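This report walks through one protein chain. Please keep the sequence and the model open while reading.

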Amino acid sequence: MRLTRRIRMHAHPLAASAAAAVLAVGCGGSSDAALPQLTAATPATLQACATLATSLALPDTRITSSELVPEGPLTLQNVTTQAPAHCLVKGKMKERTGPVDGASYAIGFEIRMPVAWNGRFLHQANGGLDGSVVTALGSVSGAAPIAPGLVQGFAVLSSDAGHGAPTPFFGVDPQARLDYGYQAVGTLTPMAKNLIKSAYGKAPDRSYLAGCSNGGRHAMVGASRYADQYDGILAGNPGFHLPKAATTQLWKAQQYANVATKDASGQPDLTTAVTPAEFKLISSKIVAKCDALDGVVDGQVNDVAACQAAFNLQTDVPTCTGARDGSCISSAQKGVLASIFAGPKNSKGEALYTGTWFDPGIAGANFASWHFGSPATRDAGAVAFIFTSPPSTVAAFGATTGLQYALNFSMETDYPKMFATTAQYAESPWAYMTPPNETDLSALKNRGAKMIVFHGVADGVFSPMDTANWMDRLQANHSGKADAFARLFLVPGMNHCSGGQATDQFDMLAPLVAWVEQGKAPDSVTARARGAGANLVNAELPASWSANRSRPLCVYPKVARYNGTGDVESASSFSCK
Ligand SMILES: [Ca+2]
């Protein structure tokens, strides 16, 4: 309902800017005549590689290796990509010993620079808690990208964001917190540009910052803090309000505990709160109510806003009269789910984070893992050490379980610690984790840079509604003309960065480059299902979908609607309206 109201509110300015964009694409000109048009990058060839390890003298930087990697297969996250010949440089910045825990810290990185370079720098921002240098392949957009950044010819940087393990304990170190929050990106960027200049004989013509999840957060923070350093920003399923999202995960655990089965020691097994069969049931009822709203019954719900108005958890899903057997949802479960989808509130009724949407993708395994597994295994430690000030101690945290930490976390007295500072921890978690002035991207806009954001509608941890709200506020703060430099694409059915019953394979990097360097503003991006024959098959696709179903992803708040004729499996039969 709220979304519908917002769309109406913005209908006029959005329609106007969309019309301008269509004109601009037709003319091949800029999407907004008032904004500068950045020139296109030009290719170059690698001039130096192995010698970089000894020849480079960059501030606060130790190059640990540099070697030429021949063209060949590169496997990352179960996907094998044929990578072009490239120079792989590894190193560390700002090596130091932490004053609190005495541990060794550094900003570890690698950069992969193709022999045949497109003239562009891609800063691959990584997910989760960081803490490992994920292979710098540039897989930053959608599930299992066919042509990641390195294959497209980018020089790609990846880092561990300032700590060497993907665990939350670095949060006791004040500087490691800041590096994770934003300073690693700021420290690495000039180093990477200098390194690229040494390798090719020229600095990158254009620079891009991209990632999903926490990587999407890095990208959104960069859009605010480092707008002078980047020409294009790509933020997927961004955790740009991560401290609120993580504490909400703990709150969810508290809600689910009310309807979960308890083990012999009295501890709730959260996975029993709503079973996979029960989520599938709810998903099927959402499909039944909402599928046709976009003009075609195809198992996909593109009109998210209309669906929120149409679907009613209480009346559209059968209420159990006896035992739970997968064919019904108990009244108590409905109460918990209604509360969780509405979002957390404290005892004063104040919203502590945004709620989320009902979407068929909530039946996805990834959605369930965020709701039931993550609070105890991931969010508890992250909140204890990184998102509250002062951080917990290893001894105190070790004295309890992750689940108990989650269940005992007070939304009244613990939640506000994300805004706290101490003499030792001088910036609050909220300050270092989130984009300052998040709805004022004037610096980015005014120099001709562009930003693309995408978000799966069935993300189990970061609310897509929160991201859409941000886009609404960005529009309002930029006189309804934010589409000239920032666009949001919702991905119906998609879970956190990938998965779910969705067309979740797409490339937004190339469209971002075309927008930045040629003024071709993207009105839609084609996405594909990963059925049989895909490079990484999505086992959750309904059997009724063709293996290579395609759909347009649309600029929010437009949605993909069936044209009334044409192959239902093809994106060409749909239009963004
Ligand atoms: Ca449909």
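## Backbone exceptions

Cys 497 is buried, at 14% relative accessible area. This residue is not a glycine, yet its phi is positive, about 75°. Cys 497 sits in the loop between S15 and H16. The model is a predicted one.

Ala 161 is another non-glycine residue with a positive phi, near 60°. Its place is the loop between strand S9 (155-159) and H3. Ala 161 counts as buried, because its relative accessibility is 2%, and buried means under 20%.

Two cis peptide bonds deserve a look. One joins Ser 389 and Pro 390, with omega at about -10°. Pro 390 lies in the loop between helix H10 (365-385) and helix H11 (394-398). Another cis bond runs from Tyr 556 to Pro 557, and its omega is near 5°. Here the proline, Pro 557, belongs to the loop between strand S17 (550-554) and strand S18 (560-562).

## Two domains and their interface

The domain assignment splits the protein chain into domain 1 (12-241 + 499-550) and domain 2 (248-431). Taken over C-alpha atoms, the domain centres are 30 Å apart. At the interface, 21 residues of domain 1 are in contact with 27 residues of domain 2. The area buried between domain 1 and domain 2 is about 1,800 Å². Carbon and sulfur atoms give 60% of that area.

Which three residues of domain 1 supply the most of the area it buries against domain 2? They are Arg 177, His 241 and Gln 501, and together they supply 30% of that area.

What holds charged and polar groups across this boundary? The count of salt bridges between domain 1 and domain 2 is zero. Polar contacts do cross the interface: 10 residue pairs are found, with both residues at pLDDT 80 or more. On the side of domain 1 that touches domain 2, helix H3 (residues 174-200) gives the most, with six residues. By class, this side of domain 1 has 11 nonpolar, five polar and five charged residues.

## Salt bridges

Side chains of opposite charge can pair when their charged atoms come close. The structure holds 16 salt bridges. Three of them are set out below.

| Salt bridge | Closest N and O atoms |
|---|---|
| Glu 95 and Arg 62 | 2.8 Å |
| Arg 324 and Glu 278 | 2.7 Å |
| Asp 523 and Arg 487 | 2.9 Å |

Take the salt bridge of Glu 95 and Arg 62, with its closest N and O atoms 2.8 Å apart. Glu 95 lies in strand S5 (residues 86-97) and Arg 62 in strand S2 (residues 61-69), so the pair ties together parts that are 33 residues apart in sequence. Glu 95 is partly exposed, at 42% relative accessibility. Arg 62 is partly exposed as well, with a relative accessible area of 41%.

The salt bridge of Arg 324 and Glu 278 has a gap of 2.7 Å between its closest N and O atoms. It links distant parts of the chain, 46 residues apart. Arg 324 is in the loop between helix H8 (313-316) and helix H9 (331-342), while Glu 278 is in helix H6 (residues 276-290). Is Glu 278 buried or exposed? Glu 278 is buried, with a relative accessible area of 2%. Its partner Arg 324 counts as partly exposed, at 32% relative accessibility.

Asp 523 and Arg 487 form a salt bridge in which the closest N and O atoms are 2.9 Å apart. This pair also links distant parts of the chain, 36 residues apart. Asp 523 is in the loop between helix H16 (509-518) and strand S16 (524-528), and Arg 487 is in strand S15 (residues 486-491). Asp 523 is partly exposed, at 29% relative accessibility. Arg 487 counts as buried, at 2%.

Salt bridges can also share partners in this structure: they join Arg 206, Asp 231 and Arg 447 into one network.

## An exposed loop residue

Ala 264 lies in the loop between strand S12 (261-262) and strand S13 (268-269). This residue is exposed, because its relative accessible area is 90%, and exposed means over 50%. From Ala 264 to Ala 184 the C-alpha to C-alpha distance is 45 Å, with their positions 80 residues apart in sequence.

Definitions and conventions
Residues are numbered from 1 along each chain as its sequence is written. This is a predicted model: local features need pLDDT of at least 70, side-chain atom pairs count only at pLDDT 80 or more; totals for chains, interfaces and linings use all residues. Side-chain values use heavy atoms; hydrogens and water are left out. Domain bounds come from an automatic or database domain assignment. Contact means heavy atoms within 4.5 Å. Buried area is the accessible area (1.4 Å probe) that two parts lose on being put together, summed over both. A salt bridge is a side-chain nitrogen of Lys or Arg within 4 Å of a carboxyl oxygen of Asp or Glu. A polar contact is a pair of N or O atoms within 3.5 Å; within protein, one must be able to donate a hydrogen and the other to accept it, and residues adjacent in sequence count only if both atoms are side-chain atoms. Helices (H or I, at least four residues) and strands (E, at least two) are DSSP runs, numbered from the N terminus. Ala, Val, Leu, Ile, Met, Phe, Trp, Tyr, Cys and Pro count as nonpolar, Asp, Glu, Lys and Arg as charged, and the others, Gly among them, as polar. Buried means under 20% relative accessible area, exposed over 50%, partly exposed in between (1.4 Å probe, protein chains only).
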